[in-house]
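Me: Please take a close look at one part of this structure for me. I would like to follow the disulfides, one pair at a time.

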Amino acid sequence: MRSGVFIFIFLICLSVSAQERCGTVAPSTGEFENWLSTKIAERTSQARPLATLYQIPVVVHVFHKGEPIGTGVNLSDERIKAQIDSLTADFRRMNADAINTPSEYSSIAADVEIEFVLAKQDPAGNPTNGINRLRGSRDSYRANSHRPLLRSESYWPAEHYLNIFVLDLQVFLGYASFPLISLEGITNDADDFTFDGVLIDYEYFGVNPSASAFESYGRTLTHEVGHWLGLRHIWGDGNCSVDDFVDDTPLADNDNGGYTSPCDWPNPDDDEVCIMGEPEMFQNYMDYTDDVCMNLFTEGQKTRMRTVMDNAQNRFSLTTSPGLSEPTRFTDDLAATNILSPKEAECSTNFIPMLRLVNYGTNEVTSYDVQLYKNGNPIGGVQSIVTSLAPLSSDTVAFATQSINNPPGSVSFEISNVNGTIEGNPANNTILKAVSATSTLNLPFYDSFEGASQVLGLTGASFPWEVVNAPKETPSNQSLVFKAHQNAEWFGETTIIKTPIMNLQGISSGDLEFSYAYANPPNAFYDGLMVKASIDCGETFPDVIFSSFGPNLATATPTSASFTPANQLEWVDTVLSITEYRDIDGVQFAFVGINGSGNNIYLDDIAVVETNLFENDANAISLNGPLITCAASTEVELRIRNVGSQPITSFTVEYYIDGDTLESTFNALNIPSKSFATFPLIIDNLVVGENVAGAEIIMVNGVTDESLLDNLISTIVYRDTQHDEYPLIVDFESPDNWTVAVEGSDTLWVRSNLTPSKSLRAKGFNASELGKRSWFISPRLHTGGLDSAGLYFRASYASRSGFQDRLQVLMSTDCGESYSKTLLDADSDSLAVSEETQIWLPSNDMDWKEFRLDLSHSFFFNEDIRIAFVFTPGGGNDLYIDDISIRGNEPPFYEDVIRVYPNPAVLRFNLGLNLPRKEPVTIRLLDMSGRIVFEEYVENALNQILEYTAPSQQGLYFINVVGNQFTASQKLFISR
């Protein structure tokens with residue numbers, strides 16, 4: 001690669017008439033180029049056979065404005081097919097103007113050996129011509145803000161198709177997404193998780209001599225597909241010091257935008273070159289010259305693009321796409337593909353039933369019959385249609401006006417008698433849609449899915465959306481799930497669930513509220529959830545008011561297993577302002593699930609409510625501090641939400657600790673309406689034991705808070721000054737100085753009487769507050785002179801199908817203020833010794849698991865250590881903990897109080913202590929005459945191994961250990 005500054009910036013585009021040439025955004029960090037240069041080096045170092053001719057299936061989504069085919073945005077089939085042919089010609093160097101390439105470049109002008117083919121089957125396996133026409137929800141779109149909207153309106157899986165969108169594109173002539181690579185940080189654009197494809201303004205798609213800026217020969221698409229395969233602009237989006245990372249494209253100080261016929265080379269208008277004698281390669285498709293001057297890719301660009309094809313996500317899979325293969329075809333196959341009317345809900349009491357049909361057969365359809373049904377009953381007579389419908393062409397059939405039933409019902413259509421014979425493929429002859437009642441609803445609207453659901457759309461086991469059990473606050477919580485986990489059946493589909501149509505007239509402000517839960521699989525980007533809004537009774541949904549995909553959507557730890565939320569900690573509550581839609585009768589919201597075959601997305605507690613906001617109003621959401629601390633002073637965090645209509649610029653809070661009241665004012669703020677913010681508060685004079693801390697918001701923006709509802713909040717902080725030392729043991733047979741603390745109202749940890757011994761029990765079976773953690777916390781611990789140690793305990797638990805509990809063992813090095821180290825994080829499966837549908841009770845030693853956690857790496861003789869056993873209930877079962885110990889060695893395997901080994905000893909020997917409880921001991925080594933050879937006092941003896949140097953004289957000795965309540969001796973022979 002030529003030397004140059006390793007910089008990444010946006011692909012800057014020069015102004016072309018009223019539009020800029022290119023809106024593509026390159027990765028903003030070096031990770032993409034590091035990855036690609038490594039792959040190119042690997043490719044170069046390997047002996048490679050002749051290049052494979054790659055074919056890429058293309059779907060062209062035409063977002064028209066209702067024009068007839070062949071006019072305006074709704075380009076003709078012939079122009080679309082000619083553009084794809086010219087795209088292939090440019091990549092194969094079969095373009096007629098290849099003869100215009102200067103001889104200096106002829107040796108590096110490349111046949112990229114990539115061809116583009118209009119898809120032959122769609123994601124559902126149906127035949128297609130690769131052209132997908134639809135009336136867009138908007139007349140024009142923007143590349144920088146409307147990609148999520150386009151994604152939700154029409155999109156085929158990017159793993160199998162190159163999605164090309166032809167539309168009235170504002171600002172830019174074209175846009176392309178760069179290849180996504182599984183490397184952290186290679187893109188800063190969240191929408192890159194949403195959209196993978198190419199946008200082209202309709203004027204510049206194919207041959208159009210009358211295009212506004214220059215005569216189009218289809219090179220805008222060639223340029224953007226170059227970006228889509230990893231190419232940068234030839235001037236590197238900078239000056240002579242910036243590279244495009246292709247060796248055989250000369251450095252350029254800038255683009256050659258606006259240069260046109262006769263395309264003399266070198267460009268006589270270019271008065272600056274980077275290297276004397278090296279003119280700029282304005283003929284390259286990755287420059288900005290007019291289409292008439294473009295005619296080549298280079299060998300270096302070919303290597304780069306083919307390396308991307310061989311290695312990048314959503315690129316290498318294209319070469320084996322089902323879209324390249326003809327599906328099974330039938331002679332007579334007319335399919336009912338879409339009920340255009342009625343919608344799931346209608347604002348009018350009457351509607352005109354309309355059905356869209358597509359000829360999937362291999363021959364022309366000249367006649368067919370269609371029957372309309374309402375609630376399964378035929379309506380009117382059969383319509384007999386005489387037509388001339390070519391293969392892959394569509395038709396629309398309309399019936400007489402009908403009224404909508406109340407209560408809701410269904411509308412269906414059935415095709416028969418195609419070309420006067422029995423259908424070749426009757427499976428696609430019928431189609432059904434559930435239709436709701438006609439009147440719009442007034443607020444509020446709620447749907448918690450606990451009973452009969454009010455959402456509109458197909459739900460159930462045979463559809464992508466289904467109501468299922470999904471633990472939240474309670475184990476039996478019901479929610480809606482979008483079943484995306486490894487679901488190839490609906491892969492890539494955007495399946496919509498809608499609210500009823502609502503009347504928002506007369507409200508001053510309103511919110512759309514819902515909860516969702518999702519765990520993305522590692523390295524998967526493509527599952528998504530959107531919320532869209534309609535103001536025309538569901539005809540169009542032009543506004544995306546929520547959009548999140550893959551890792552950005554995740555609420556729980558990534559997993560490849562089928563995800564079910566365990567408790568409320570794995571749910572996120574979302575509040576969207578819908579005030580902009582006030583005074584409209586006919587508002588509807590759509591929840592769009594996008595299946596990337598990754599993992600399940602759960603949706604719950606949908607509410608559309610009137611808020612009637614005060615101007616200056618804040619709510620106290622939470623007050624979080626340490627559950628336990630050693631200090632007399634600590635910091636708590638007050639989280640507030642602006643529930644007023646005006647931004648919060650200041651607020652005042654009164655806070656107290658056990659009756660002592662303080663006041664703080666926070667200024668110079670900018671908290672928008674509906675937004676959250678967190679602020680620190682210092683609480684002093686904590687007493688030993690339980691302390692109740694509280695806070696109340698009293699002033700907002702210099703005036704008294706206009707609504708005192710939800711302004712007061714409190715929490716409990718324990719101050720514990722007790723301490724203990726390693727080694728230690730907690731067997732629950734005698735009192736201990738560990739503390740139980742809770743985040744909710746239900747104390748789960750209790751000391752329990754088992755037969756024949758006692759233990760610690762977490763009451764997880766049908767716990768009332770899922771996700772509210774219960775803590776069992778040690779006192780402040782000293783190392784006791786140990787330089788290494790392990791934490792040992794036994795656990796007994798039986799899993800319960802459909803529920804997930806969680807045990808964590810956490811360590812604090814600041815006396816409980818925070819827990820920065822996780823020693824254990826175990827779910828139900830890893831804890832379980834059995835499976836049980838009833839409340840669990842261990843009955844023998846086989847019902848227990850042994851755990852050993854290494855503490856050595858965390859010691860550093862820290863004197864402010866606390867250990868916490870944290871149980872998070874998911875509605876599963878009871879958990880038992882016993883024999884917690886911290887010691888310097890494995891628990892002894894013998895019953896003796898002391899043991900000396902090896903015996904005989906030569907140079908050194910070990911003394912193992914195995915005491916039932918911690919106590920000070922005196923250790924003496926005596927010779928045969930009773931003389932004390934040495935003596936040592938150990939203050940905290942328990943279960944440990946002490947190492948000693950043997951006496952220099954050979955002979956028989958005695959080890960004597962004296963404690964508070966025992967004396968033990970053992971012979972020791974020293975051999976030389």
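Reply: Start at C347. In this predicted model, C347 is partly exposed, because its relative accessible area is 30% and the partly exposed class runs between 20% and 50%. Its partner is C537, and the two sulfur atoms sit 1.8 Å apart. C537 falls in another class: its relative accessible area is 14%, so it is buried. The cut-off for buried is under 20%.

Now place the two cysteines. C347 lies in the loop between strand 13 (334–341) and strand 14 (350–351). C537 lies in the loop between strand 29 (528–534) and strand 30 (543–549). They are 190 residues apart, so this disulfide links distant parts of the chain. Its S-S torsion is about -95°, so the disulfide of C347 and C537 is left-handed.

Move to the next pair. C630 is joined to C815, S to S 1.4 Å. This link also spans distant parts of the chain, with the two positions 185 residues apart. C630 is in the loop between strand 35 (628–629) and strand 36 (634–642). C815 is in the loop between strand 51 (806–812) and strand 52 (821–827). How buried are they? C630 has a relative accessible area of 16%, so it counts as buried. C815 is at 4%, so it is buried too.

Then comes C263. A disulfide ties it to C293, with an S to S distance of 2.1 Å. Both cysteines lie in the loop between helix 4 and helix 5, so the bond ties together parts 30 residues apart in sequence. The torsion about the S-S bond is about -85°, so the disulfide of C263 and C293 is left-handed. Both C263 and C293 are buried.

Step back to the whole structure. How many disulfides does a search find? The search finds 4. Count the bonded cysteines along the chain, and the pattern reads 1-3, 2-4, 5-6, 7-8.

The helices named above have partners of their own. Helix 5 (residues 299–311) packs against helix 1 (residues 31–45) at about 95°, with axes 10 Å apart. That angle makes helix 1 roughly perpendicular to helix 5. Helix 4 (residues 219–228) packs against helix 2 (residues 77–91) at about 55°, and their axes are 9 Å apart. Helix 2 and helix 4 are therefore oblique to each other. Helix 2 passes helix 4 in a right-handed crossing.

Technical notes
Residues are numbered from 1 along each chain as its sequence is written. This is a predicted model: local features need pLDDT of at least 70, side-chain atom pairs count only at pLDDT 80 or more; totals for chains, interfaces and linings use all residues. Side-chain values use heavy atoms; hydrogens and water are left out. Axes are lines fitted to C-alpha atoms, for helices over the stretch in contact, and angles run from 0 to 180 degrees between N-to-C directions. Helices (H or I, at least four residues) and strands (E, at least two) are DSSP runs, numbered from the N terminus. Angles under 35 degrees count as roughly parallel, over 145 as roughly antiparallel, 65 to 115 as roughly perpendicular and the rest as oblique. A crossing is left-handed if the near helix is turned anticlockwise from the far one by less than a right angle, and right-handed if clockwise. A disulfide is a pair of cysteine sulfur atoms within 2.5 Å. Buried means under 20% relative accessible area, exposed over 50%, partly exposed in between (1.4 Å probe, protein chains only).
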